[in-house]
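This report describes how two domains of one chain meet. The sequence and model come first.

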Number of protein chains: 4
Amino acid sequence: MNFLSDTTAAAHPALLDAIAHANGGYAASYGNDPLCQRVEDRLKEVFETDLKVLFTVSGTASNALALSILCPSHGAVLCHDEAHIHRDERGAPEFFTGGAKLIPLPGAHAKIDPAALTATLNSWPQDFVHTTPPRALSVSNLNESGCAYTAGELAALTGPAKAKGLGVHFDGARFANLLAGSGMTPAQASWKAGADILSLGATKNGALAAEAVILFPSVMDRYGELQARQKRAGHMVAKMRYVAAQFEAWLTGGLWLDLASHANAMAARLADGLSAIEGVELAHPVDGNEVFVALPDAVAQTLRAAGAGFYQWPDGTARLVASWSTREDDVNALLDAARA
Amino acid sequence: MNFLSDTTAAAHPALLDAIAHANGGYAASYGNDPLCQRVEDRLKEVFETDLKVLFTVSGTASNALALSILCPSHGAVLCHDEAHIHRDERGAPEFFTGGAKLIPLPGAHAKIDPAALTATLNSWPQDFVHTTPPRALSVSNLNESGCAYTAGELAALTGPAKAKGLGVHFDGARFANLLAGSGMTPAQASWKAGADILSLGATKNGALAAEAVILFPSVMDRYGELQARQKRAGHMVAKMRYVAAQFEAWLTGGLWLDLASHANAMAARLADGLSAIEGVELAHPVDGNEVFVALPDAVAQTLRAAGAGFYQWPDGTARLVASWSTREDDVNALLDAARA
Amino acid sequence: MNFLSDTTAAAHPALLDAIAHANGGYAASYGNDPLCQRVEDRLKEVFETDLKVLFTVSGTASNALALSILCPSHGAVLCHDEAHIHRDERGAPEFFTGGAKLIPLPGAHAKIDPAALTATLNSWPQDFVHTTPPRALSVSNLNESGCAYTAGELAALTGPAKAKGLGVHFDGARFANLLAGSGMTPAQASWKAGADILSLGATKNGALAAEAVILFPSVMDRYGELQARQKRAGHMVAKMRYVAAQFEAWLTGGLWLDLASHANAMAARLADGLSAIEGVELAHPVDGNEVFVALPDAVAQTLRAAGAGFYQWPDGTARLVASWSTREDDVNALLDAARA
Amino acid sequence: MNFLSDTTAAAHPALLDAIAHANGGYAASYGNDPLCQRVEDRLKEVFETDLKVLFTVSGTASNALALSILCPSHGAVLCHDEAHIHRDERGAPEFFTGGAKLIPLPGAHAKIDPAALTATLNSWPQDFVHTTPPRALSVSNLNESGCAYTAGELAALTGPAKAKGLGVHFDGARFANLLAGSGMTPAQASWKAGADILSLGATKNGALAAEAVILFPSVMDRYGELQARQKRAGHMVAKMRYVAAQFEAWLTGGLWLDLASHANAMAARLADGLSAIEGVELAHPVDGNEVFVALPDAVAQTLRAAGAGFYQWPDGTARLVASWSTREDDVNALLDAARA
């Protein structure tokens with residue numbers, strides 16, 4: 001009954017097989033091997049556009065690298081106050097940008113309030129030398145409360161931001177879960193919604209360590225600089241083929257969406273079961289594989305006593321995360337314990 | 001006949017097996033799993049001392065993180081002019097330290113000249129506010145010309161550096177090759193020779209992506225800050241167990257030394273064969289798995305025509321690198337081609 | 001009728017005289033002259049404590065240097081959302097700290113709400129590697145709305161901050177105006193209220209360009225590092241005697257307090273006169289030399305037509321600033337125009 | 001007999017008068033006053049070209065700001081190993097660029113050896129992601145050994161640098177002394193010789209604290225970013241008119257050149273007198289106001305005993321600096337003492 005995080009899950013066997021398969025003979029290092037190129041080509045099909053891709057081994061690295069080419073050191077990044085880049089990356093964006101400022105925005109369910117965005121764009125001007133101008137907008141989708149922005153909600157953010165000249169970054173640490181839950185295509189959930197750059201995460205959805213920064217055509221001319229920053233940050237791993245191999249297996253035959261659909265279904269089952277219990281309240285809509293729920297103390301204690309693993313969030317709610325490896329039996333066991 | 005780099009080699013099967021073996025069930029993320037702890041305990045035995053270890057996925061990350069806790073932004077790092085940290089990491093040390101200065105030192109065969117070190121320590125004082133004071137010394141062993149410093153040579157550098165208060169970093173990207181070639185113990189080649197921190201690399205010697213920063217007791221109190229910097233740099237990967245698994249297999253039964261010995265033996269065979277050819281001159285002693293050799297143009301062309309892969313170094317020599325996966329047949333084939 | 005800013009005022013003649021007086025013969029450069037030492041000694045008397053002082057030429061430099069020794073790159077600075085360091089310094093604190101995070105706090109009249117401070121100290125923990133820990137608190141007094149914190153209000157902020165191990169910085173760009181208005185002694189308004197470092201500004205109160213960073217005993221051991229950072233930031237001006245000369249004249253005979261008292265009196269007269277006009281509302285208490293006032297459009301237009309200079313603040317209020325050089329006639333003329 | 005540095009000299013009375021003259025009434029702050037504009041217009045005449053100017057209060061600030069717009073964090077600056085930016089600014093260029101690398105070049109008399117420059121441009125390529133590419137060349141003229149590059153010598157450096165796409169910075173801390181000694185026009189000694197940016201220093205030649213960064217047309221489009229960086233570094237002083245006033249007086253009637261000519265003449269007299277003494281050897285040609293001389297110990301002791309102030313340089317020579325305020329009597333007194 002481990003619902004601590006999708007990062008505590010193992011890797012899917014198909015990805016290990018792919019690594020083993022990639023392990024024959026010599027290959028050019030630092031991303032110059034045919035497998036890396038093949039994954040880039042595959043992503044162009046998946047996203048229905050030209051693009052450039054660069055692999056990393058952590059979402060924090062992807063996000064910080066992405067922001068470092070969207071925002072100069074003397075600019076600001078707008079994001080939700082609960083954004084992973086603001087709360088959970090130990091200042092990685094500030095580090096990689098050379099000291100840019102993060103301006104946190106409010107909004108229910110960790111979704112940026114469009115009115116707050118507009119007000120901030122107005123009160124932090126682009127052309128006053130004393131004030132740090134917003135240069136990038138970062139949107140997490142799925143977000144940190146497990147919620148999905150709709151296409152319309154994304155447009156309400158990226159439109160005003162782009163009108164002021166900001167670059168737009170989407171943090172897609174759980175991008176597959178978003179697609180599986182929303183029915184949006186990869187294109188609809190990224191560049192068609194205004195993203196210039198996407199952090200595409202596979203680690204939380206079946207990989208050992210495989211993340212990607214995807215540059216859409218609007219910023220593809222920055223790829224050389226991005227590679228320089230990747231190298232300089234120690235993220236140009238020597239034997240890149242093993243990262244690419246994970247992506248190839250993950251994308252093949254829709255595995256990424258199948259794994260995400262399973263995780264989402266487990267989370268939905270959890271949410272349905274828990275919210276039917278008296279005194280238990282869902283804190284946020286469950287749009288993906290995360291369930292945030294206000295648990296009576298007695299229930300929480302019972303669950304922990306039964307061996308259920310989950311985190312208490314800073315706002316007092318319990319976070320339970322399902323993953324590709326969550327079994328229906330685990331969910332049932334937790335619900336049985338909660339009902340007891 | 002791929003002698004381009006030890007990073008073009010595949011991973012050793014035992015390490016893949018270890019990853020597969022680690023892939024069962026849930027594990028705490030970010031380095032808090034039992035396997036990571038087990039490797040730290042194993043390294044204490046290997047290095048015959050208390051220590052703290054932190055895993056990364058690239059040597060550049062290890063080096064830059066290590067230097068970031070030895071040298072403040074307003075200090076300087078002394079290293080050889082050919083050092084990897086100076087020439088081949090796109091300014092990673094400058095980035096991670098927040099703008100420290102690297103001061104390159106001369107010396108034959110990529111070994112720092114002790115007299116140059118002493119002169120620099122004298123001409124860049126510790127206590128003159130206008131001048132950047134050296135705060136760290138970084139020594140690569142094996143170094144960038146494939147040469148080993150002896151214990152005495154190391155002492156001639158680390159002694160004066162420590163007398164001025166500098167911290168000492170050893171870049172052990174090819175540490176196993178050093179041990180295999182020199183007969184030094186891990187302790188003799190690290191803390192007993194003056195190192196406060198060691199970058200210990202496995203990727204060039206059989207791993208997929210496994211590197212470690214080892215803090216010896218003199219700097220173990222900086223471990224918390226190092227973890228903060230690791231996180232902030234995007235190098236605290238979520239599923240750390242897979243990095244630890246590689247190290248465990250690598251260290252088990254002396255595999256790391258066996259692989260390194262094989263690579264060294266292949267390099268020695270290469271060096272012996274090539275240097276016996278008229279007009280071919282070794283540029284540096286071959287103390288590990290790298291051979292630097294001045295090839296007559298005709299020989300170089302013949303080799304390339306025969307399909308041999310190797311790099312021409314900036315100084316005009318050819319660099320040929322053997323790895324754990326180099327076969328004696330490959331060496332023989334190259335030598336046959338060269339003699340033709 | 002120039003009420004744009006106290007930075008548009010000229011310098012007081014006594015300070016120019018002091019510069020001229022300091023202009024005889026040779027003097028050691030970079031702050032090593034007797035005049036600099038004399039000012040430090042004088043400040044020890046003024047602040048009734050041992051201290052170290054370092055001169056700069058801008059408040060932004062003072063603030064950013066001060067924060068750079070209180071907060072590491074991987075830490076956070078807590079400040080009010082309206083703080084000059086957050087809104088008006090183009091990211092200087094992020095630059096000087098190497099990418100620390102500023103966390104903005106709410107509170108009426110630009111005063112940090114103690115409950116918000118406590119909540120933030122709890123939700124941004126000190127010991128969780130993924131989250132940036134607050135390491136410094138910065139309090140502007142007088143603040144950006146022209147308001148003074150009382151000793152009790154300061155204690156309610158610095159107490160909890162220090163209990164968590166944070167360093168405390170006071171931004172005293174208008175410190176003399178604070179003292180003149182509140183009756184607090186320099187000691188009461190600084191180290192006795194919890195400050196480890198004070199940015200002491202003279203430029204807005206009669207100097208040409210004279211600012212100081214004052215280290216109280218709790219952080220005096222960081223003076224050497226602060227000097228290194230001052231040099232590295234280009235703020236160790238060669239002929240420092242001219243900055244020190246300004247401070248000496250400013251402090252002599254209580255001139256600093258006289259000038260501030262005059263400015264405060266002019267602001268009070270402005271505030272009294274304006275608030276007596278129908279439809280005009282003071283936005284904040286007037287505790288120093290700044291008046292923030294909601295003006296009916298007609299009044300604002302009349303004033304501008306009459307040649308009054310003042311800024312419209314982002315919140316829609318008008319800011320009128322008095323300085324040492326504001327004449328009562330100017331105030332009267334503005335009030336006459338407003339009443340018309 | 002103070003020959004320690006031109007920074008120990010007082011300011012010229014005409015510059016103090018100009019400050020006093022600028023001290024009437026209100027003026028727009030932060031460089032937006034008419035006096036600042038007037039100086040920019042005047043500099044356009046002086047340099048016979050369009051340009052943009054930005055004032056600072058230290059040469060270190062000017063140099064570091066200039067380099068921060070020529071060189072990205074992932075690039076390198078080429079300079080002489082003795083360059084002030086490398087040896088005497090505590091890493092300011094590394095700080096302001098966000099961690100760019102300085103690559104020191106050799107050459108006699110602190111002049112960059114053109115062959116070394118070319119070799120470095122070749123061995124540090126522009127397009128290899130692992131290696132930091134040179135992006136800027138910085139040339140001090142007068143340089144740190146008091147020597148002048150001729151127009152031809154400058155072309156031999158800036159030509160190859162520009163051919164590789166580097167930006168070119170000239171450090172003109174003693175630019176007036178260069179002009180006075182060489183007969184070059186300001187244009188010939190700057191943009192006509194390949195400079196994109198010039199640090200123009202007045203502080204060493206009569207000012208209290210007045211330095212400028214001059215952007216020539218090739219980089220004028222970067223002025224907005226430069227201002228942002230100036231603000232962010234705390235170098236946009238509030239009452240900028242007082243810096244501009246110094247420049248105006250300095251440039252009026254050729255005062256800057258008169259003061260420099262005097263200093264140069266005093267240095268020449270010093271050099272002539274000293275080199276006529278048995279056992280005394282000039283270490284470098286005396287092209288400006290600095291004399292580097294190898295003194296027999298007995299002579300050095302005699303001079304110090306007689307009250308002469310000068311520094312012993314790291315290479316063992318004595319450095320004696322003349323300034324606008326050096327009197328012929330002082331020179332004579334020193335020579336008399338040396339001959340004794």
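Buried area is the accessible area (1.4 Å probe) that two parts lose on being put together, summed over both. Between domain 1 of chain A and domain 2 of chain A this area is about 1,900 Å², and carbon and sulfur atoms give 58% of it. On the side of domain 1 of chain A, A:His12, A:Arg174 and A:Asn177 lose the most area to domain 2 of chain A, together 24% of what that side buries.

The model is predicted: local features need pLDDT of at least 70, side-chain atom pairs count only at pLDDT 80 or more, and totals for chains, interfaces and linings use all residues. Residues are numbered from 1 along each chain as its sequence is written, chains are lettered from A and ligands numbered from 1 in the order in which they are written, and side-chain values use heavy atoms, leaving out hydrogens and water.

The bounds, from an automatic or database domain assignment, and the residues in contact (heavy atoms within 4.5 Å) are as follows.

| Domain of chain A | Bounds | Residues in the contact |
|---|---|---|
| domain 1 | 12-253 | 29 residues |
| domain 2 | 255-339 | 20 residues |

The C-alpha centres of domain 1 and domain 2 of chain A lie 27 Å apart.

The count between the two domains of chain A is 1 salt bridge, defined as a side-chain nitrogen of Lys or Arg within 4 Å of a carboxyl oxygen of Asp or Glu. The side chains of A:Arg174 and A:Glu290 meet in a salt bridge at 3.3 Å, N to O.
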